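Colleague: I've got a fold open on my screen and I'd like to learn how to read it. Could you walk me through it, feature by feature?

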Amino acid sequence: MDHPLFQLLGFPDEFERALNPSAQKYASDTKAMYNTAVDVKEAPKSYIFVADMPGLKSSDIKVELDNHNVLAISGVRKREEHVPGVKYIRMERSAGTFMRKYTLPADADLEAIKAACEDGVLTVTVPKLPPPEPVKPKTIEVTVG
């Protein structure tokens, strides 16, 4: 629809896709991908991703490294079993698959990524590589002819 309200509501998704091109191939799963809020922080020695994962077990969450530098956080929120004779008056908690992808910067130490889930909060820590040593000029001895 071309109604301005719908364009405004879709803006965060479009903005995210523009900033994160690796997410474009998953655009068909936009609802699942964008319903999981993630805070991304930069500390002096690491990048930290924090996501609320209420009610999920560690086995329901997957943290992967794609294409050598794309961090993918995904999983499944399951709906509780239907109990005969019980009907929902309101159902607000989301269920289904979710996915978020982040292209990591060049200074990310891809071999030392750690993920932990405690009290429904997933924390993924990506250490930074130390800055490269400055190149020192090499002195070449000058000899006589």
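Modeller: Start with confidence: pLDDT is the predictor's confidence in each residue, from 0 to 100. You need that here, as this is a predicted model. The mean pLDDT of the protein chain is 79, and 76% of its residues reach 70 or more.

Colleague: Which elements have the lowest and the highest mean pLDDT?

Modeller: Helix H2 (residues 30–34) has the lowest, with a mean of 45, and E7 has the highest, with 96. pLDDT stays under 50 over residues 20–34, where the model has 26 contacts beyond four places in sequence. It also stays under 50 over residues 1–13, and there the model has four such contacts.

Colleague: Okay, on to the fold. How many helices and strands are there?

Modeller: Two helices and seven strands. Along the sequence the pattern reads α-α-β-β-β-β-β-β-β.

Colleague: And how do I read the strand pairing around E2?

Modeller: Look at the sense of each pairing and count the bridges. Strand E1 (residues 38–43) pairs with E2 in the antiparallel sense over six bridges, and the two form a hairpin with two residues between them. One bridge to pick out is Asp-39 with Val-50 in E2. E2 also pairs with E7, again in the antiparallel sense, over seven bridges. There, Ser-46 stands opposite Pro-127 in E7.

Colleague: Why is E2 called largely enclosed by the rest of the structure?

Modeller: Because six of its seven residues are buried. For the protein chain as a whole, buried residues make up 28% of the 145 residues.

Colleague: What about the largest nonpolar core: which residues have the most contacts inside it?

Modeller: That core has 16 residues, and the ones with the most contacts inside it are Phe-49, Met-53, Ile-73, Leu-104, Leu-122, Val-124 and Val-126. E2, strand E4 (70–77), E5 and strand E7 (121–127) each supply at least two of the core residues. Try Ile-73 as a worked case: leaving aside neighbours within four places in sequence, its contacts include Phe-49, Met-53, Leu-122 and Val-124. Lys-62 and Arg-100 are also among the contacts of Ile-73.

Colleague: Now the rings. How many aromatic pairs are there?

Modeller: Just one aromatic pair is counted. Phe-49 and Tyr-102 sit 5.1 Å apart, centre to centre, with 50 degrees between the planes, and that makes the pair tilted. It links distant parts of the chain: Phe-49 is in strand E2 (residues 46–52) and Tyr-102 in strand E5 (residues 96–103), 53 residues apart. Both Phe-49 and Tyr-102 are buried.

Colleague: Which charged groups sit over rings?

Modeller: Check the distance to the ring centre. The charged end of Arg-77 sits over the ring of Phe-98, 4.9 Å from its centre. Lys-128 lies over the face of Tyr-47, also at 4.9 Å from the ring centre.

Colleague: Last one: where do I find positive phi in residues other than glycine?

Modeller: Look at Asn-67, with phi near 50 degrees, and Asp-119, with about 55 degrees. Asn-67 is in the loop between strand E3 (61–66) and E4, while Asp-119 is in the loop between strand E6 (114–118) and E7.

Colleague: Are those two buried or exposed?

Modeller: The cut-off for exposed is over 50% relative accessible area. Asn-67 has 57% relative accessibility, so it counts as exposed. Asp-119 has 76%, so it counts as exposed too.

Key
Residues numbered from 1 in each chain as written. Predicted model: local features only at pLDDT ≥ 70, side-chain atom pairs only at ≥ 80, totals over all residues. Heavy atoms only, no water. Phe/Tyr/Trp six-rings, centres within 6.5 Å; stacked < 30°, edge-to-face > 60°. Helix = DSSP H or I, 4+ residues; strand = E, 2+ residues; numbered from the N terminus. Buried < 20%, exposed > 50% of the residue type's maximum accessible area, 1.4 Å probe, protein only. Lys NZ or Arg CZ within 6 Å of the ring centre and 35° of its normal. Core = buried A, V, L, I, M, F, W, Y, C linked by side-chain atoms within 4.5 Å. Contact = heavy atoms within 4.5 Å. Pairing = 2+ DSSP bridges.
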